[in-house]
Amino acid sequence: MHGHGRALVLSLRRNVEMHKYITRRILQFIPMLFLVTVLVFALAKAAPGDPLTGERLDPNIDPEVYEIRREALGLNDPLPVQYWNWLSSVATGDFGKSLQYTGRTVMELIQARIWNTFYLSLFALGVTLAIAIPIGIYSANRKYSLFDYGATTFAFLGLATPNFFAGLLAIYVFSLTLGWFPAQGTTTAMSLTGFELFIDKLRHLVLPGFTLGLASTAAYMRYMRTEILEVKGSDFIRTARAKGLSNESVLYKHTLRNALIPIITLLGLEFGTLLSGAIITERVFNYPGLGTLFLNAIQNRDYPVIMAINLILAVTILIGNLLADIFYAIVDPRIRYD
Amino acid sequence: MKSSKLWLVLVLALSFMLVLAACGDNNEEAGGNNDNNNEENNDNNNDSDSTERGTITAAMYSAPGHQFNPLFYSDAYEANILDFTHEALAKLDENLDWEPSLAESWDINDDFTEITFTLNEGVTWHDGEPFTADDVVFTYNVLMDEDYVAAGGVRTNYVADLETVEAIDPLTVKFTYTDTNINAIFDAAFIIVPEHIFGDVPILEMPDYSASRNAGEVIGTGPFQLTNMLEGERYELTAYDDYWQGAPGLAGITWRVIEQSIMPGLLENGEIDMIAEPNGVPAADFDTVDALEHITTYVTQDFGYQYMGFKLHHRTTEDVEAGVIDPDNWIENEKIADVRVRQAIVYAINRQALVDGLLHGMGTVLNANFPEASWAFDESAVNPYDYSPETAEELLDEAGYVDVTGDGFREDPDGNEWTLNFDYPTGNAVRERSAPIIVENLEEVGIRVDLRNPREAGPHFDLVEEDDHDWDMYLAGWSLSAADPDPSALWLSTAPYNYTRWNDPVSDELIRAGIQAPEAFDQDYRKQAYSDWAAHMSEQVPQVFLYSSDNIYAYNSAIQNVKHYPAGIYSDAHLWTLEQ
């Protein structure tokens, strides 16, 4: 009885502490976000030139036109004023107008693409986990076997292969030569609907999704293998074995659960990595997502778009970290909240 | 065993992929059928006809910016759509002369201050409304409006000298200019937009207006209509069967955005049928594409060119800050003031080697700014400056630039160190690679060059313009359209784009002579004037013309009636048909 009450008090205290911890983490998130906006703005403005500089190729256009436009866009205002104008409109969810795409808002451009990037990232993440975890477990169990060496070789090849090269190779082999999957874009025909559209979109996801996913697969496979080997060597596993538990029970109930904890943290970080990795992959497969938009914006000095996407990236990574921390605190009772 | 379960999962996943791969084949057929159905639905005039007509897929390397209002569009990718959906009063023919388009004929008054167009009868907009002189007046009034630039428009050059545009009757429109206008047809050949769509829209809101942006709402008079699009990916043009020159021979043209590096593969397996503007087939891929049996290629000289400019004068800091272009305030750049030095530099650069090595031979060495297709081009007027390091050395010796210190580099005539500063931008890979080669060429004849670190294009071109600095030579390029050859905008000493700050009264006089009324109404007179000017410029060398690259177009040979014009292959697209 006494012991039970004590446990209850402890778990209550734990709960209170956890809430405090989560609240504190969220509060920390706010100044961090503010700092990010300053950085995003400063970095964008630190780059020389604006969208109206650059190669004025067409001598038919009166140079004065550019000066009038620059004034109209507020590019001649002092930087703090520009920052304040930008921040106050961002606070209301308005990222301003694109400089490159005459007459379009940044929000509109992002909305038209963000889902494509989301699907691609999700697919790639699925690919990563579906391949990395089983192979990681398997090669950890058969350390130094032929399979383990093979997986390790594959992992390093995957890590060493740049996305654009892997992408072009995939297009060449699976699209141009074998004709199994489409090479470019998100759909074959705009007239498709329902299930056909779903399958068509899925087929377009395969090559970019695998290209993007395989790069991180290599890393995750190695993490998984290392974590399992480390956990396997710990005292509680020896205890479990000493109790006479079966190999399988030790592996799946004790080893795997503990080995997965660091993977969760990594996953929180992974979304940011996926989004930035998608920039190159999307370009190669001409998959119209945030990545292609971002590259285009950089090439054309479209600051409102660059800043908006940077902010989205930063916020995604911050939220990913936050979630990982919170989740970690929940699954691993050993974590202390201070 | 657990491990066998793992394998099972892997095998299942793999088979899922294979099913997905396999089911695509059916799907593509299904998609194709759907396409046809759609076209039949869109096309309520003649169902049996539309099933016989084919659809082609054209490709470009970047997505249009989705501004489909000709008044405000800004990129070559949007132009790829607008070239098929919209028209102007006149267009360029295969000799770069003006031929009628929306206008059936025109008449210019004796002192070249008025041009009166008679419009074709029976021209209708995509929504069926008739095209009239009011649409022309409306379009030009927008260009002249003070809000036009504030709204984001840049094409004020079409109305620089325009006084009024008036509709005499529904099929007659008269342009009146403030002064003699040699380029009246060019100035009147801006793409016309419909008044009945945009008439009530405030100009400042026009770029945002749905008819400027949305597929199905973009209305022109052209043979095709933008009916459907998937942002960043796919733009579907459908034949406009009431087109005034007859129903188009194709049911539609689908534009796809693709990655450049896999273009040859997609052409080969038939996924795309055409690659044209703006970058066409890269020179490095020309042999691969040209070898494809079912592909026709067409190579033509680009009107733009790359050059190495001399900073003959620098502006003062005050003038740069105030944005003033006043040749009287300029400071002469002594280092390259001697014309023999500049001539020597052209002789010293192996320009043909740049074309052969960097452009895979797909380009032309230039000696004047007129493309070969232009009537102003006169090969005999200019010095070809064939590569000759010996001539270069002779000229330098003669000018007194000799090596007195024995370090292998020439000193100036006073015996002081003589180093030419050379700045170049990143961005254009061929141009970037040409810079160190040029330096090597110059060092071979004993000219010491300080090749600066390349800058990004933006800052580089800012500095080309804001030239209160120590530059002597720089790399740059012009992208020019096939309009009138009048060089005023780039070459008059007072022109803002006269980046070399060349201040030469003879040149100014010859340029003005080319547009001098009434003599300039005669093309032979103008041809002679431009030959004279080119000869003078060729001797004075205000800049080194490097090369113009080739535009390489490729399309499926099954597409019939494609016209190979110097300005491109989109002319008369309503005549294109697909051989079955």
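Here is a short chat about how some features of this predicted model get their names.

Student: What makes the pattern of chain A α-α-α-α-α-α-α-α-α-α-α?

Tutor: Count the elements: chain A has eleven helices and zero strands. Read along the sequence, that gives the pattern α-α-α-α-α-α-α-α-α-α-α.

Student: Okay, and why is H10(A) called oblique to H11(A)?

Tutor: Look at the axes of H10 (residues 290-299) and H11 (residues 303-331) in chain A: they cross at roughly 140° and come within 8 Å. Roughly antiparallel would need an angle over 145, and roughly perpendicular covers 65 to 115. The angle fits neither, so H10(A) counts as oblique to H11(A). The crossing is also left-handed.

Student: Which residues make that contact?

Tutor: From H10(A) come Leu290(A), Leu293(A), Phe294(A), Ala297(A) and Ile298(A), and from H11(A) come Val305(A), Ile306(A) and Ile309(A).

Student: How do you know what class those residues belong to?

Tutor: Check the names: Leu, Phe, Ala, Ile and Val all count as nonpolar. So the contact of H10(A) with H11(A) has eight nonpolar residues, with no polar and no charged ones.

Student: Now chain B. How do you know that S6(B) and S7(B) pair?

Tutor: Pairing takes at least two bridges. Strand S6 (residues 162-169) and strand S7 (residues 172-177) of chain B are joined by six bridges, so they pair, and they run antiparallel. Ala167(B), for instance, stands opposite Val173(B) in S7(B).

Student: And what joins S6(B) to S7(B)?

Tutor: A hairpin, through two residues.

How values were computed: Residues numbered from 1 in each chain as written. Chains lettered and ligands numbered in written order. Predicted model: local features only at pLDDT ≥ 70, side-chain atom pairs only at ≥ 80, totals over all residues. Helix = DSSP H or I, 4+ residues; strand = E, 2+ residues; numbered from the N terminus. Axes fitted to C-alpha atoms, helices over the stretch in contact; angles between N-to-C directions. Parallel < 35°, antiparallel > 145°, perpendicular 65-115°, else oblique. Left-handed = near helix turned anticlockwise from the far one by under 90°. Contact = placed C-beta atoms within 7 Å.
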